[in-house]
Every structure is written in structure tokens, then in C-alpha cells.
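Please look over the sequence and the model shown here before reading on. The report that follows takes up a few helices, loops and enclosed spaces in turn.

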Amino acid sequence: MSTTASDPLAALAALPGVPDSVDSVRKAVDRVYGHRVMRRRSNEVTSEAALRGARGSAALSGADWNLEEVRRRTDFSGDAEARTVGAALRLTAEAGQLLSIWRQSPLRVLARFHLVAAGGGASDDAVGRPRLAGETVDEPLVEAPLPGADEVAGRLDGLSRLIIDGSTAPALVTAAIVHGELLALRPFGSSNGLVARTAERIVLIGSGLDPKSICPAEVGHAEQGRAAYVAAFEGYVSGTPEGMAAWIAHCGRAVELGVRESTAVCEALQRGAA
């Protein structure tokens with residue numbers, strides 16, 4: 001994060017194009033929350049959004065399973081792809097339970113996310129803590145330069161202060177920056193992409209933009225494709241106003257596509273087809 005304003009997230013919210021993205025996302029979210037199915041069957045929409053969001057996040061981490069396979073499977077302890085899908089499902093379930101802790105101690109929540117994601121796939125002393133100097137990162141789908149451990153510690157502390165202190169910035173901007181910063185830092189030895197996208201989800205829920213968690217941005221990130229995801233992320237890493245705005249807009253489009261997915265779920269429930 002390159003801006004040094006007293007409220008850096010608010011400064012980013014004023015970048016060209018960002019207000020339009022924020023407005024578009026707000027209108028899309030309002031529309032799906034106004035769907036008649038949400039008055040009676042919102043829990044079903046939330047459950048389906050969680051499943052589809054987890055599938056999308058896993059796809060970006062290299063496990064691109066179809067939705068029915070994710071729905072059918074009960075054992076995720078097999079190969080690497082199965083473990084990735086299982087981790088994404090566990091993280092999605094965990095996010096909604098940690099909102100109050102997130103507002104007070106986001107680093108504690110991130111550590112918990114890594115513990116949940118890693119399961120038995122990492123050595124005990126590496127799970128749930130930021131990596132130390134000399135430790136490697138298993139994140140093959142993200143190729144940006146890897147910050148050193150000292151830089152990671154400092155930037156995590158800065159990110160934590162931003163979350164705790166709060167901002168006047170719209171929820172979309174905060175969620176996009178939390179997502180981008182964690183992806184750039186890759187603070188853990190594994191599962192950083194999954195953790196970053198779950199952190200985006202918890203910001204969207206906790207901010208009040210998507211309190212019922214029915215707008216899975218992970219679906220939209222996956223639908224736009226890995227190439228577009230990486231290109232937008234490179235804009236974030238660049239730190240330029242144009243690059244940051246492009247990343248925020250990409251995250252906004254991801255939320256809108258998640259809204260479209262849940263709108264389809266609402267329509268299917270209304271027809272009695274889901």
C-alpha cells in the first residue's frame with residue numbers, strides 16, 4: 001500500500017473509476033437482498049453461496065472441480081486437489097464465526113484461518129504463524145516477488161491497525177485491499193490465496209455490505225479467470241494509482257458476479273428447482 005494519507009483506504013476510494021465500481025456493487029447487492037426468496041429462504045441461499053464460493057476459491061488455487069463433485073464429496077483427505085477443496089470449504093464455514101474477533105484482532109483470525117486451511121498438511125511449528133526468515137512458501141499460482149519476513153511482519157501490523165482503527169472507505173475498497181495485501185505478502189508457508197480470499201469475504205460480511213454472506217466474490221474471481229486475476233493483482237503490487245484502481249474494480253466485478261450467481265440460486269429456489 002503506497003499511500004500515506006491519514007486514512008489511506010479512503011484515499012484509494014477516491015481514485016478514478018473506484019466510486020463507479022462501489023456504486024455498481026452496492027446496487028447489485030441491494031437487488032439480490034430485495035429478492036422475494038430472501039424473505040423466506042435466506043439460509044438456503046447463504047449455504048449455497050458458501051459452497052459455490054469455496055469451489056471458486058479452490059479453483060483459483062489449482063483445484064478446479066465442478067460444483068456437483070464438491071457437493072457430493074465427503075472425504076477431502078486424498079490428493080492435493082482434494083485437500084485444497086476441503087480447506088476452502090472449512091475456511092468458508094469458519095469466516096462467519098470470527099467476525100467479532102476480526103474487528104479486535106485480525107492477525108489472530110488470520111492465524112486461525114491458516115490453521116484451518118493447513119489441517120495436517122504442514123509441520124506443526126509452521127501452522128498458524130507468519131513465516132520466518134529463510135522459510136519457503138508453497139504458492140505456485142502467485143509469482144510476484146516474495147517479501148522478506150521482516151517486511152511481512154511490518155506490513156501485517158500496518159494492515160491490522162487499519163482494520164482495528166476503521167476507515168470511512170466503502171466495504172469494497174477495504175475488502176479489496178485486505179485481499180491484495182495478503183496475497184502480496186503470502187505471510188504463511190501455504191494456503192495464502194485461500195486465506196486472502198476468505199479475509200475478503202469476512203470484510204464484506206462484517207462491513208454490513210453482505211451481512212448474510214450471499215454474494216460470494218470467490219465465484220466472480222474464478223469466473224473472470226486466473227489470467228485476469230493475476231493481471232489485476234499485478235496492478236495491486238505495482239502500487240500505482242491506476243493499478244490499485246484496476247484491482248479494486250476487479251474485486252468489485254467479482255462481487256457482482258457472485259451476486260449474479262446467488263440471484264440464479266434465488267430464482268431456482270423460487271421455481272422449486274434447487
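## Helix 11 and what follows it

Gly225, which comes just after helix 11, has a positive phi near 95 degrees; helices here are DSSP runs of H or I with at least four residues, and they are numbered from the N terminus. The model is a predicted one, in which local features need pLDDT of at least 70 and side-chain atom pairs count only at pLDDT 80 or more, while totals for chains, interfaces and linings use all residues. Residues are numbered from 1 along each chain as its sequence is written, and side-chain values use heavy atoms, with hydrogens and water left out.

Helix 11 is mostly covered, with six of its eight residues buried, where buried means under 20% relative accessible area, exposed means over 50%, and partly exposed lies in between (1.4 Å probe, protein chains only). The buried residues are Ala217, Glu218, Val219, Gly220, His221 and Ala222, and they pack against helix 3 (38-60), helix 9, helix 10, helix 12 and helix 13 (241-271).

## Arg201 and Ser213

Arg201 is placed in helix 10 (residues 192-206) and counts as buried because its relative accessibility is 6%. Its contacts (heavy atoms within 4.5 Å) include Ala49, Ala50, Gly53, Thr92, Ala95, Ser213, Pro216 and Glu218, when residues up to four places away in sequence are not counted.

With Ser213, the side chain of Arg201 makes a polar contact to the side chain at 2.5 Å. A polar contact is a pair of N or O atoms within 3.5 Å; within protein, one atom must be able to donate a hydrogen and the other to accept it, and residues adjacent in sequence count only if both atoms are side-chain atoms. Ser213 itself is found in the loop between helix 10 and helix 11 (217-224), and this residue, although other than glycine, has a positive phi near 55 degrees. Ser213 counts as buried because its relative accessibility is 12%.

## Helix 9 and Arg186

Helix 9 has 15 residues and reaches 21 Å from its first C-alpha to its last, close to the 21 Å expected at 1.5 Å a residue, the expected span being 1.5 Å times one less than the number of residues. Because 15 of its 15 residues are buried, helix 9 is largely enclosed by the rest of the structure.

Arg186 comes just after helix 9, in the loop between helix 9 and helix 10. Arg186 is not a glycine, yet has a positive phi of about 45 degrees, and at 3% relative accessibility this residue counts as buried.

## Cavities and a pocket

How many cavities of 30 Å³ or more does a search of the whole structure find? The search finds three, and about 70 Å³ of space lies in the largest of the cavities. On a 1 Å grid over the protein atoms alone, a cavity is a set of points where a 1.4 Å probe fits but cannot get out, whereas a pocket is an open set with protein on both sides within 12 Å along at least five of seven lines, and lining residues have an atom within 4 Å of a point. Grid points are joined across faces, edges and corners, and a volume is the space filled by probe spheres set on the points. The lining of the largest cavity includes Leu60, Glu139, Arg197, Arg226 and Tyr229, and helix 12 (226-238) gives the most to this lining, with three residues. By class, this lining has six nonpolar, two polar and three charged residues, where Ala, Val, Leu, Ile, Met, Phe, Trp, Tyr, Cys and Pro count as nonpolar, Asp, Glu, Lys and Arg as charged, and the others, Gly among them, as polar.

The second largest pocket has a volume of about 260 Å³. Of the 16 residues that line this pocket, Trp102, Ile163, Thr174, Val203 and Ser207 are the closest to its centre. At least two lining residues each come from helix 6 (99-104), helix 8 (149-165), helix 9 (171-185) and helix 10, and the lining divides into 10 nonpolar, five polar and one charged.

## Gly235 and Thr74

Gly235 lies in helix 12 and is buried, with a relative accessible area of 12%. Leaving aside neighbours within four places in sequence, Gly235 is in contact with Thr240, Gly243 and Met244.

Thr74, by contrast, is exposed, with a relative accessible area of 75%, and is found in the loop between helix 4 (67-72) and helix 5 (80-95).
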